[in-house]
Amino acid sequence: MIEPPTVIKNKCKGCNKFILTHNKILACKSCETIVHSQCAKNLFQYSHTKDIWECNSCIDKSPTRYNPFAPVLVHDKYDPVHLDEYEDVSEISKIHESCKSYNYTNFRNLVKLHSKEEHC
(Lines give C-alpha, C1' and ligand atoms only; values in the text may rest on other atoms or scores of the structure.)
Protein backbone atom coordinates (compact mmCIF):
# COMPACT_ATOMS: atom_id res chain seq x y z
CA MET A 1 0.00 0.00 0.00
CA ILE A 2 1.29 3.45 -0.89
CA GLU A 3 1.79 5.76 2.05
CA PRO A 4 0.47 9.31 1.66
CA PRO A 5 3.24 11.91 1.68
CA THR A 6 3.93 13.57 5.00
CA VAL A 7 2.98 17.21 5.12
CA ILE A 8 5.39 19.56 6.83
CA LYS A 9 3.49 22.38 8.49
CA ASN A 10 5.26 25.66 9.07
CA LYS A 11 4.58 27.65 12.21
CA CYS A 12 4.24 31.42 12.20
CA LYS A 13 7.11 33.09 14.08
CA GLY A 14 4.69 35.76 15.31
CA CYS A 15 1.77 33.85 16.81
CA ASN A 16 3.22 30.30 16.79
CA LYS A 17 0.14 28.93 14.98
CA PHE A 18 0.32 26.73 11.90
CA ILE A 19 0.33 28.48 8.54
CA LEU A 20 -2.47 27.06 6.43
CA THR A 21 -2.76 27.16 2.66
CA HIS A 22 -5.46 29.83 2.69
CA ASN A 23 -3.51 32.19 4.99
CA LYS A 24 -1.87 35.30 3.60
CA ILE A 25 1.83 35.21 4.39
CA LEU A 26 5.00 37.25 4.18
CA ALA A 27 8.46 35.70 3.88
CA CYS A 28 11.79 37.29 4.74
CA LYS A 29 13.97 37.38 1.62
CA SER A 30 17.15 36.98 3.67
CA CYS A 31 16.41 34.13 6.10
CA GLU A 32 13.11 32.83 4.65
CA THR A 33 11.17 33.27 7.91
CA ILE A 34 7.44 32.91 7.19
CA VAL A 35 4.71 34.70 9.14
CA HIS A 36 1.01 35.47 8.77
CA SER A 37 0.38 38.84 7.16
CA GLN A 38 -1.35 40.04 10.36
CA CYS A 39 1.76 39.15 12.40
CA ALA A 40 4.14 40.77 9.90
CA LYS A 41 3.34 44.34 10.94
CA ASN A 42 5.26 43.78 14.20
CA LEU A 43 8.02 41.52 12.83
CA PHE A 44 8.84 42.83 9.34
CA GLN A 45 10.01 46.03 7.72
CA TYR A 46 10.43 47.03 4.12
CA SER A 47 14.08 47.72 3.39
CA HIS A 48 14.17 50.57 0.89
CA THR A 49 17.92 50.25 0.44
CA LYS A 50 17.63 46.57 -0.58
CA ASP A 51 14.12 46.85 -2.05
CA ILE A 52 12.90 43.74 -0.16
CA TRP A 53 10.85 42.74 2.90
CA GLU A 54 13.02 41.60 5.81
CA CYS A 55 12.35 40.45 9.36
CA ASN A 56 13.61 42.71 12.14
CA SER A 57 16.39 40.30 13.14
CA CYS A 58 17.86 40.32 9.61
CA ILE A 59 17.66 44.10 9.44
CA ASP A 60 19.51 44.35 12.76
CA LYS A 61 22.23 41.91 11.60
CA SER A 62 23.01 43.42 8.21
CA PRO A 63 24.70 46.77 7.68
CA THR A 64 22.65 49.40 5.92
CA ARG A 65 24.11 49.78 2.48
CA TYR A 66 22.63 51.39 -0.60
CA ASN A 67 22.56 49.23 -3.71
CA PRO A 68 21.66 51.33 -6.75
CA PHE A 69 21.02 48.17 -8.78
CA ALA A 70 18.35 46.65 -6.50
CA PRO A 71 15.35 48.48 -8.05
CA VAL A 72 16.47 47.41 -11.52
CA LEU A 73 16.39 43.76 -10.47
CA VAL A 74 12.70 43.81 -9.54
CA HIS A 75 11.40 41.72 -12.39
CA ASP A 76 8.05 42.68 -13.92
CA LYS A 77 6.69 39.90 -16.11
CA TYR A 78 4.90 42.47 -18.30
CA ASP A 79 8.04 44.52 -18.88
CA PRO A 80 10.26 43.00 -21.58
CA VAL A 81 13.86 42.95 -20.44
CA HIS A 82 16.90 41.81 -22.35
CA LEU A 83 18.06 38.82 -20.32
CA ASP A 84 21.74 39.43 -20.99
CA GLU A 85 21.46 42.95 -19.55
CA TYR A 86 19.46 41.63 -16.58
CA GLU A 87 22.14 39.01 -15.85
CA ASP A 88 24.91 41.63 -16.06
CA VAL A 89 23.14 43.96 -13.63
CA SER A 90 22.38 41.01 -11.36
CA GLU A 91 26.06 40.06 -11.26
CA ILE A 92 27.10 43.66 -10.52
CA SER A 93 24.50 43.80 -7.76
CA LYS A 94 25.83 40.58 -6.17
CA ILE A 95 29.38 41.96 -6.23
CA HIS A 96 28.17 45.18 -4.64
CA GLU A 97 26.30 43.30 -1.88
CA SER A 98 29.32 41.14 -1.04
CA CYS A 99 31.72 44.08 -0.60
CA LYS A 100 33.30 44.29 2.82
CA SER A 101 32.55 47.34 4.92
CA TYR A 102 35.43 49.07 6.74
CA ASN A 103 35.31 51.58 9.55
CA TYR A 104 37.73 54.49 9.53
CA THR A 105 40.42 52.83 11.66
CA ASN A 106 40.43 49.55 9.75
CA PHE A 107 40.56 51.37 6.43
CA ARG A 108 43.53 53.48 7.57
CA ASN A 109 45.36 50.34 8.71
CA LEU A 110 44.68 48.68 5.39
CA VAL A 111 46.04 51.68 3.47
CA LYS A 112 49.16 51.77 5.68
CA LEU A 113 49.82 48.07 5.03
CA HIS A 114 49.38 48.56 1.30
CA SER A 115 51.73 51.57 1.19
CA LYS A 116 54.41 49.62 3.14
CA GLU A 117 54.24 46.76 0.58
CA GLU A 118 54.79 49.23 -2.29
CA HIS A 119 57.93 50.64 -0.69
CA CYS A 120 59.52 47.22 -0.14
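Of the 120 residues in this protein chain, 18% count as buried. I should say at the outset that the model is a predicted one.

Let me turn to the overall architecture. The secondary structure of the chain amounts to four helices and four strands. Followed along the sequence, these elements give the pattern β-β-α-β-β-α-α-α. As for contacts in the chain with a separation of 6 or more, 27% are made by residues 24 or more positions apart. The accessible surface comes to about 10300 Å², and carbon and sulfur atoms contribute 56% of that area.

I now come to the backbone, and to two residues in particular. As general background, most residues other than glycine have a negative phi. Against that background, which value does phi take at asparagine 16? The angle is near 65°, a positive value in a residue that is not glycine. Asparagine 16 is placed in the segment before strand E1, which covers residues 25–27. Is this residue buried or exposed? Asparagine 16 has a relative accessible area of 52%, and the cut-off for exposed is over 50%, so the residue is classed as exposed.

The second residue is glutamate 32, which also is not a glycine and has a positive phi, of about 65°. Where does glutamate 32 lie? Its position is in the loop between E1 and strand E2, the latter spanning 34–36. Glutamate 32 reaches 64% relative accessibility and therefore counts as exposed as well.

To summarise the backbone findings, asparagine 16 has a positive phi and is exposed; glutamate 32 likewise has a positive phi and is exposed. Thank you for your attention.

Technical notes. Residues numbered from 1 in each chain as written. Predicted model: local features only at pLDDT ≥ 70, side-chain atom pairs only at ≥ 80, totals over all residues. Heavy atoms only, no water. Helix = DSSP H or I, 4+ residues; strand = E, 2+ residues; numbered from the N terminus. Buried < 20%, exposed > 50% of the residue type's maximum accessible area, 1.4 Å probe, protein only. Contact = heavy atoms within 4.5 Å. Areas by Shrake-Rupley, 256 points an atom, 1.4 Å probe, with all protein chains shown as cover.
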